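Here's a short problem set to work through with the model open in your viewer. Try each task before you read its solution.

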Amino acid sequence: MIRAESFDPLDPRIEVGKWVDSTFDWLTDTFEPVLNFISDGLSTGYDSLSSALRDPSLAMMIVLFALLGWLACSQLDNLRSLPAAGRGAIVVVAGAVGAGAHVLTTDLEAPFLGMIAAFALLGWFVRSWLFGLFTVVAFYLVAAMGQWDRAMQTLSLVLIAAAIATILAIPLGVWAAKSPTVSQVVRPVLDFMQTMPAMVYLIPTLIAFGIGVVPGMISTVIFAMPPGVRFTELAIRQVDSEVVEAGQAFGSPPFRILRQIQLPLALPTIMAGINQVIMLALSMVVLAAMVGASGLGLEVVAGLQGLQVPRGVEAGLAVVVLAIYLDRVVAALADRAPVVRASRVRD
Amino acid sequence: MAAVRAEGLYKVFGRRADVAVRQLKEGASRDDVAKLGATAAVIDASFEVQPGEIFVVMGLSGSGKSTLIRMLNGLWEATDGHVYIDGMDIANISDARLRQVRKEKISMVFQHFALLPHRTVVQNAAYALDIQGVDKEERLTRAQEALELVGLRGWEDKYPSQLSGGMKQRVGLARALAAGSDIMLMDEAFSALDPLIRREMQDQLVQLQSSLNKTIIFITHDLNEAMRLGDRIAVMRDGRIVQIGTAEEVLNDPANDYVAQFVADVDRTRVLTAANVMEPAQYVVNAEAGPREAQHTMRERQASAAFAVGRRDRKLHGVVHDKDVVNAVKRGDQSIAAIIDPNVGSVHQDTYLADLFAPSAESPLPLAVIDDEKRLVGVVPRVTLLSAMASFVEVIHTGEHPPVNTGSPEDAENEPTPDEVVVVPPRGGTA
């Protein structure tokens with residue numbers, strides 16, 4: 001509190017930090033059940049995803065490969081023309097391959113091989129066989145450096161944080177695009193979120209959620225979200241106003257215009273925003289390790305503290321591999337947006 | 001009942017719009033209210049459009065015509081005034097009700113086509129029906145029919161990016177037609193197309209209109225287009241409608257100097273028809289008459305030739321020449337039927353002046369003007385045609401602007417940017 005008698009204008013001291021701290025204390029006390037719920041949910045999600053990626057179960061491998069089979073049918077040109085029965089058969093065979101891969105890799109006690117295969121196939125189907133090949137080499141290198149388990153932990157953290165950031169960012173971006181007031185309010189908040197040194201977020205989240213992956217994840221969400229909001233707002237605003245008018249002129253209600261016109265036309269730009277979100281989330285990984293998130297970040301921090309170059313470099317390289325993989329996959333997905341595809345069709 | 005009726009429409013952008021409207025009603029000018037920080041886009045627009053009519057609103061860019069058309073389907077809310085669609089005031093209805101009106105009664109065609117790039121041609125054409133909730137099979141069938149109407153059979157599964165500008169706008173037109181509404185708003189629909197395609201689209205629209213009989217409100221900055229399409233034309237300037245009338249009324253009886261200057265550059269030979277300049281036929285003989293009667297008539301009129309028309313039906317049979325008549329009299333023929341020369345230069349009364357020059361040059365006699373039933377309704381002597389042209393030139397030389405564009409209208413329309421205007425805007429004070 002500012003008390004007039006104790007405030008010396010010539011030697012000013014306004015204790016912003018203390019106010020924030022006391023407000024924050026009040027918030028954590030008042031909303032403890034909510035915070036616990038969030039914390040439990042996030043850590044459960046993280047634990048199950050990271051253990052699934054490190055040591056996939058039989059069921060998961062079957063589902064994963066069946067999904068890849070379905071993806072192949074929709075993405076590869078020579079499979080797309082197959083009749084429904086043929087595509088169904090491919091999905092079934094892919095599921096069986098997944099089961100086989102699980103049995104084989106469990107036998108060899110090398111579950112990472114099955115996952116590398118899955119990542120490589122995904123890379124092939126959304127991008128090219130060359131990228132699939134790159135994925136095999138790069139991910140095998142990660143495993144060979146002894147970083148596989150940590151890389152999967154980091155990947156889990158990044159995926160969950162980026163997913164939450166995206167889920168929050170897109171509706172907020174749409175709202176900001178529709179309402180100038182919201183846009184004006186949101187913009188400085190986003191500036192604040194992006195320019196505040198990311199490490200600062202760790203302090204209150206650490207107090208609120210305790211040591212572990214959750215404070216890192218929440219800090220990552222806060223730090224990574226702004227480009228998602230900005231890109232979405234920009235993307236919606238950039239949609240040709242005449243096309244939106246066409247929707248209105250034929251009597252389409254606003255939500256339907258959003259769904260049928262604005263979002264599809266804005267999708268490539270929104271995807272670019274999601275790409276940014278993921279990259280920022282990856283860049284937070286090391287910081288998250290400082291409050292106890294396991295994964296590659298922790299290895300980098302340990303390398304720094306022990307001045308061990310090899311440890312730091314190996315973990316750092318694994319982060320780079322993840323970044324390249326995620327970036328290329330998301331970019332390829334953006335390229336497969338219906339609008340982009342339709343604009344490329346030539347007889 | 002009028003299909004569309006606008007009554008005292010105002011659209012003012014910016015702050016204090018209502019104050020601006022009040023001042024405008026009290027006689028303030030557009031510049032006066034600009035001091036309030038308000039931009040008056042449309043000022044006191046009133047008109048009625050009858051069912052089946054093509055009503056063209058024309059004006060320069062910034063004259064408020066696009067704003068006006070967007071008030072007619074409520075895309076922009078009028079600041080003041082009323083719009084009645086089939087008698088219903090759409091200014092004061094709920095959003096849901098307004099959407100209903102748009103679905104059922106009004107469709108729209110856009111300057112830059114406004115197609116959905118990620119949908120195929122047939123899906124685009126079916127868009128309005130999709131919004132109306134028509135089930136998939138039926139809407140694709142109806143979209144298909146609309147595409148056939150505009151000549152796009154076989155293009156259903158293409159994407160808009162694969163189509164030329166003219167074809168894209170045909171899809172836009174098909175989408176509006178498939179919607180099944182009686183009123184069509186066309187906002188500079190052909191302005192983004194190149195001149196030849198534009199002309200083709202205009203012809204197609206006129207042809208479609210003759211069978212579909214929609215109520216069309218067409219916005220354009222191109223006076224030639226307005227003249228070609230419009231049953232009636234409203235000329236807008238600085239947000240106000242300065243004249244409403246048929247093409248001929250606007251041309252021949254401009255409401256003020258502004259309109260007069262505006263229309264000065266119009267290629268009148270593409271607007272005025274043979275019927276507008278023809279004169280009564282002087283040399284006419286009865287086709288069933290005997291040669292003596294014909295000779296008498298021709299001698300009286302001092303004519304060397306005469307048109308032979310039916311006595312009762314006034315149908316043009318051909319032309320008789322003095323020498324043949326004299327010979328027939330000598331031979332003692334009973335009728336002139338044998339000596340009527342059917343090779344006579346004749347034109348339909350709706351032929352544009354531009355298309356009269358060639359036949360007129362070839363024909364030794366004045367051109368015969370006939371109607372749908374081939375009845376002789378008048379003649380156009382070469383001198384009449386030339387003096388009609390001369391009078392346009394006179395108008396042009398008394399005005400304070402560059403010489404008339406004597407080329408074809410296509411040349412005049414050869415403006416790549418849609419917001420450019422073909423006609424020359426007036427300079428300075430025209431009062």
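A residue counts as buried under 20% relative accessible area, exposed over 50%, and partly exposed in between (1.4 Å probe, protein chains only). This is a predicted model, so local features need pLDDT of at least 70 and side-chain atom pairs count only at pLDDT 80 or more, while totals for chains, interfaces and linings use all residues. Residues are numbered from 1 along each chain as its sequence is written, chains are lettered from A and ligands numbered from 1 in the order in which they are written, and side-chain values use heavy atoms, with hydrogens and water left out.

**Exercise 1. Burial classes and a salt bridge**

Task: find the salt bridge between B:R375 and B:E373, and assign each partner to a burial class.

Solution. Start with the rule: a salt bridge is a side-chain nitrogen of Lys or Arg within 4 Å of a carboxyl oxygen of Asp or Glu. The B:R375 and B:E373 side chains pass, at 3.4 Å from N to O. Next, the classes: B:R375 is partly exposed because its relative accessibility is 34%. B:E373 lands in the partly exposed class too, because its relative accessible area is 45%.

**Exercise 2. Two more pairs in chain B**

Task: work out where B:R142 and B:E138 lie, then do the job again for B:E188 and B:K65.

Solution. First, a word on naming: helices (H or I, at least four residues) and strands (E, at least two) are DSSP runs, numbered from the N terminus. B:R142 and B:E138 form a salt bridge with closest N and O atoms 3.2 Å apart. Both sit in helix α7 (residues 136-149) of chain B, four residues apart, or about one turn of the helix. B:R142 is partly exposed, because its relative accessibility is 26%, and B:E138 is partly exposed because its value is 37%.

Now the other pair. B:E188 and B:K65 form a salt bridge at 3.3 Å between the closest N and O atoms. This one links distant parts of the chain: B:E188 is in the loop between β7 (183-187) and α9 (195-212) of chain B, B:K65 is in helix α3 (residues 65-72) of chain B, and their positions lie 123 residues apart. Both B:E188 and B:K65 are buried. For the wider tally, the structure holds 30 salt bridges over all chains.

**Exercise 3. The A/B interface**

Task: describe how chain B meets chain A, going from area to individual pairs.

Solution. Step one, contacts (heavy atoms within 4.5 Å): 31 residues of chain B are in contact with 24 residues of chain A. Step two, buried area, meaning the accessible area (1.4 Å probe) that two parts lose on being put together, summed over both. For chain B and chain A that's about 2300 Å², and carbon and sulfur atoms give 59% of it.

Step three, pairs. The rule finds two salt bridges across the interface. One joins A:R256 to B:D130, at 2.9 Å from N to O. The count of residue pairs in polar contact between chain B and chain A is eight (both at pLDDT 80 or more); a polar contact is a pair of N or O atoms within 3.5 Å, where within protein one must be able to donate a hydrogen and the other to accept it, and residues adjacent in sequence count only if both atoms are side-chain atoms.

Step four, elements. On the side of chain B that touches chain A, α4 (95-104), β6 (106-109), α6 (127-132) and α8 (165-178) each supply at least two residues. The largest share, four residues, comes from α6(B).

**Exercise 4. A buried glutamine**

Task: is A:Q147 buried or exposed, and what does A:Q147 touch?

Solution. A:Q147 is in the loop between α7 (129-144) and α8 (148-178) of chain A. It is buried, because its relative accessible area is 2%. Leaving out residues up to four places away in sequence, A:Q147 touches A:V142, A:L296, A:E299, A:E314, A:A315 and A:A318. The C-alpha atoms of A:Q147 and A:A318 are separated by 7.0 Å, although the two are 171 residues apart along the chain. Finally, the side chain of A:Q147 makes a polar contact with that of A:R150 (3.1 Å).
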